[in-house]
Structure formats: structure tokens, C-alpha cells
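Here is a quick tour of a model worth opening in your viewer. Keep the sequence handy as you read.

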Amino acid sequence: MSRSEGGGNIWSKLLTSLRGGAQELGDGWVDSRALRILDQEIRDCDLDLRQSRESLAHLLARHTLAERALSELRDKVGEYEGYAIKAMESGDEALAREVADKIVQLESSRSDDQRHVQELAASAAELRKSVAMAEGNIRRLKQQLDTVKATESVQRAQAAVAQRYTGPNNKLQTAIDSLARIKQKQAERGARMDAAAELARGDRGDALERKLRDAGIMPDDAGAEAVLLRLRQKMPD
């Protein structure tokens, strides 16, 4: 993967897709189709982002190995410099020159390795920055998408409730009216049952009084003798 790949490339892909989706759907792009498009794009971008992270990890591993090789090469240069000094101290100029040639080769390789390490470090830094930017952009987009989904769900529920309360096919209102009629019928039935019970109690009391009067146990206040007795009591002495 080149250094230009990563978060920036992923985000460009996402924005391109979103612009295309918006043009296709027009002003009503925040609908179920648009949400599906966004969901799919986010999944694709997450996949690309995972691949970018893997490439970054591979690049960092190469940088670590290159730094290790550079350190070993520096140690090797120092080692041969010690050999050259010892050869000169012993007066063996030919051997010292031969070792110096080896040092020249090692230092040349060291310069190449140093440039390679720097290039790997720069590539890793750029890719890390791009990945971090893409992560932030996708995270914010996910948050916005979650908000849109939540709002869509709430509004759909509100619309369903409103539809049940209004319109020619108001099933909920019909059910409420039916419930009111049932309650009214139950109240009327209960009143009739109470009245019937009261009448039944009255009938039972009258029958018992008649039996007591017939048996001479209870005086018959409604009889002729009772009426005459009451009238005599009203007459002046």
C-alpha cells in the first residue's frame, strides 16, 4: 500500500459515494434507501480501514527491522574502526588500509540504511495520520447516522400513533367508543340486577308480614278496626 492510501483515500471513497447517493435520491435522501446506502458504505470503509491498519502494522514492523539492521551496521563500523586502529598501532599500514576500505563500504551501506529508515518512518507517520483522520471521520458519520436512525424511528412511531387517532379508519377511536358502550351496558345491567334484588327482598318481606298477620301475631294496621281506632283517638272527648 502506498503512503497516499489509508484514511484519506477511504474518506474520499465515502464522500464520493455519499454525493452520488444524494444526487440519486434528491431532497428525500434521508429515507430507508439512503440509510441502507450509508450502512453499506460504512461497512466498506471499515473493511478498508482494517486493511490500512494492517498495512500500517506491516510498515512499522519493517521500520523496526530496518532500525535494528542500521544499529547492527553502526556497531560493525565501530568494530572495524577498532581493527584499523590496532593495525596502525602495529605498523601494518597495508592491513589498516584494507580495513579502511571495508569501513568505507560499511559507511556507504549505513548511509543507505539511514535513508531507508527515515523513509519508512515518514511513510508510517503519514499513514498513521491518515488512518487516525479516517477513524475520526467514520466515527462521526456513525454517530450522525445513529442520530438519524433514532429520529426516524421516533417519527415513524409518532406517525403511527397519530394515524390511529385520526383519519377515516381510526381503529383506536373506534375501539375506545366500543369500550365506552360496553361500560355503559355493564352499568345498566348492574342497575337492573340491583333493582331486581331489591324487589326480591321486598317481595319476601311482604309475604312474611302477611303470614304473621294471618297468624294473628302481627296487628293488621291496614284493617277496618285499626282505622276506626285511629279515628276515635282523634275525636274530642
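## How straight is the helix?

To get the expected span of a helix, take 1.5 Å times one less than its number of residues. This is a predicted model, and helix α2 (residues 32–89) makes a nice test case. With 58 residues, α2 should span 86 Å, and its end C-alpha atoms are 85 Å apart, so the two values agree.

What happens just after α2? There G91 takes a positive phi of about 85 degrees.

## The nonpolar cores

Now for the packing. The largest nonpolar core has 18 residues. Those with the most contacts inside this core are I42, L49, L59, L127, I138 and L145. Helices α2 and α3 each supply at least two residues of the core. Apart from it lies another core, of 6 residues, including L73, V77, V99 and I103.

## Who touches whom

L120 sits in helix α3 (residues 93–165). Is L120 buried or exposed? Its relative accessible area is 5%, so L120 counts as buried. Setting aside neighbours within four places in sequence, L120 is in contact with L59, R62, H63 and A66. L120 and T64 are 56 residues apart along the chain, yet 9.3 Å separates their C-alpha atoms.

Look at L59 from its own side: again leaving out neighbours within four places in sequence, it is in contact with L120, S123, A124 and L127.

D46 is worth a click too. This residue belongs to helix α2 and is buried, with a relative accessible area of 18%; the cut-off for buried is under 20%. Not counting residues up to four places away in sequence, D46 touches I138 and K142.

## A tyrosine pair and a lysine

How many aromatic pairs does a search of the whole structure find? The search turns up 1. The partners are Y80 and Y83, arranged edge-to-face, at 5.3 Å centre to centre with 80 degrees between the planes. Both belong to α2, and because they are 3 residues apart in that helix, about one helical turn separates them.

Neither ring's residue is fully tucked away: Y80 is partly exposed at 22% relative accessible area, and Y83 is partly exposed at 39%. Y80 has another partner as well, since K102 lies over the face of its ring, 5.9 Å from the ring centre.

Notes. Residues are numbered from 1 along each chain as its sequence is written. This is a predicted model: local features need pLDDT of at least 70, side-chain atom pairs count only at pLDDT 80 or more; totals for chains, interfaces and linings use all residues. Side-chain values use heavy atoms; hydrogens and water are left out. Rings of Phe, Tyr and Trp (its six-membered ring) pair if their centres lie within 6.5 Å; planes under 30 degrees apart count as stacked, over 60 as edge-to-face and the rest as tilted. Helices (H or I, at least four residues) and strands (E, at least two) are DSSP runs, numbered from the N terminus. Buried means under 20% relative accessible area, exposed over 50%, partly exposed in between (1.4 Å probe, protein chains only). A charge sits over a ring if NZ of Lys or CZ of Arg is within 6 Å of the ring centre and within 35 degrees of the ring normal. Contact means heavy atoms within 4.5 Å. A nonpolar core is a set of buried Ala, Val, Leu, Ile, Met, Phe, Trp, Tyr and Cys residues joined through side-chain atoms within 4.5 Å.
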